[in-house]
Amino acid sequence: MNFFIDRYGVHIGSLFIHFYGVIIMLGVVAASLLARKRAKDKGLDPDRVWDMLTWLLIAGIIGARLWHIFTPTPSLVAAGVTTKYYLTHPIAMLSVWNGGLGIPGAVIGGALALYIYCRKQKQNFGVWVDIIAPGLLLAQAIGRWGNFINQEVYGAPTQLPWAIYIDELHRLPEFMDQAYYHPLFLYESLWNLAVMGLLLWMSKRFVQWLMDGDVFLFYLIGYPLGRFLLEFLRLDSAMVGGINANQTVMGVIAVASAVAIVLRHTLRKPKPVEESTEINPS
């Protein structure tokens, strides 16, 4: 039986364990453990995290893959890997281990699954989405290192000391003579960790001011803001109708979430901290 390890994973005979998938799962586990701790700190049953995890994970992966399929990058389009190609090649649609997971789609899919779960279990969606938000950033920070494995999500060429080398196989045709690039995945990973720390601090520092769902809204400001700025460095951004799809969506989400925070605190008073948030009968 052949056994060897390369930069992409572990080969054991015909079995191939992709580092990309392992890193994604490490992020999921880390996020779940953080969410359990936050649930316990709020006096809620931490085991609910395990109950909802499977559904959130499945919905998140489906949403992430669909986002990638419907917003292909210019380099994929040039290679013939378009939305139409994916829709006519089901196996390619399922090949997530080769990369191609859009975080906006993952968040949308996961949020919908959480909402359905909370409705069925008579739980407060705002409370649980706040519990999960910091862990989501942790998962994203860890998961971005899968892009390092696949040599994707890098920025413009640079000679900075922390530049990363990209093999010719993974370079864009117009940059074949450039070997070193901005580690965009690293910038986003560090940004996500910083926003996670901010959300955790806010959750404790402003507990009497925050309303259910506010932490998640601040997530929808912090993460999109970083992604919006980093898109200026990205070489192969997904374009829809000549517009940078990810950057535009991130900008709209960040502004809309900021407006939502202002409006809900202007029009409504926050719920007293001593009031229970375990059940939402609506």
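These legends go with four close-up views of a predicted model.

The model is predicted, so local features need pLDDT of at least 70 and side-chain atom pairs count only at pLDDT 80 or more, while totals for chains, interfaces and linings use all residues. Residues are numbered from 1 along each chain as its sequence is written, and side-chain values use heavy atoms, with hydrogens and water left out.

**View 1. The hairpin of β1 and β2.** Here β1 (residues 3-6) and β2 (residues 9-12) run antiparallel and are joined by 4 bridges. Strands are DSSP runs of E of at least two residues, helices are runs of H or I of at least four, and both are numbered from the N terminus. Two strands count as paired if DSSP finds at least two bridges between them. The hairpin has 2 residues between its strands. Look for F3 opposite I12 of β2, and for D6 opposite G9.

**View 2. The open sheet and the helix on it.** The sheet has 3 strands in the order β1-β2-β3, with antiparallel pairing. β1 and β3 (15-18) sit at the edges with a single partner strand each, so one side of each has no neighbour in the sheet. On average, neighbouring strands are turned by 15° against each other, direction ignored. Helix α1 (residues 19-41) packs on this sheet and touches β1, β2 and β3; contact means heavy atoms within 4.5 Å. The direction of α1 makes about 45° with that of β3. For such angles, axes are lines fitted to C-alpha atoms (for helices, over the stretch in contact), and values run from 0 to 180 degrees between N-to-C directions.

**View 3. A walk along α1.** With 23 residues, α1 reaches 33 Å from its first C-alpha to its last, close to the 33 Å expected; that expected span is 1.5 Å times one less than the number of residues. Its buried residues include Y20, I23, V28, L34 and R38, where buried means under 20% relative accessible area (1.4 Å probe, protein chains only). The buried residues of α1 pack against β3, α2, α7 (125-143), α8 (145-150) and α9 (184-205). Just past the helix, G43 takes a positive phi of about 80°.

**View 4. T71 in its loop.** T71 lies in the loop between α2 (48-70) and α3 (74-78). Its relative accessibility is 13%, so T71 counts as buried. The T71 side chain reaches the backbone oxygen of W67 at 2.5 Å. Leaving aside neighbours within four places in sequence, T71 is in contact with A238, V240 and A245.

Definitions and conventions. Buried means under 20% relative accessible area, exposed over 50%, partly exposed in between (1.4 Å probe, protein chains only). A polar contact is a pair of N or O atoms within 3.5 Å; within protein, one must be able to donate a hydrogen and the other to accept it, and residues adjacent in sequence count only if both atoms are side-chain atoms.
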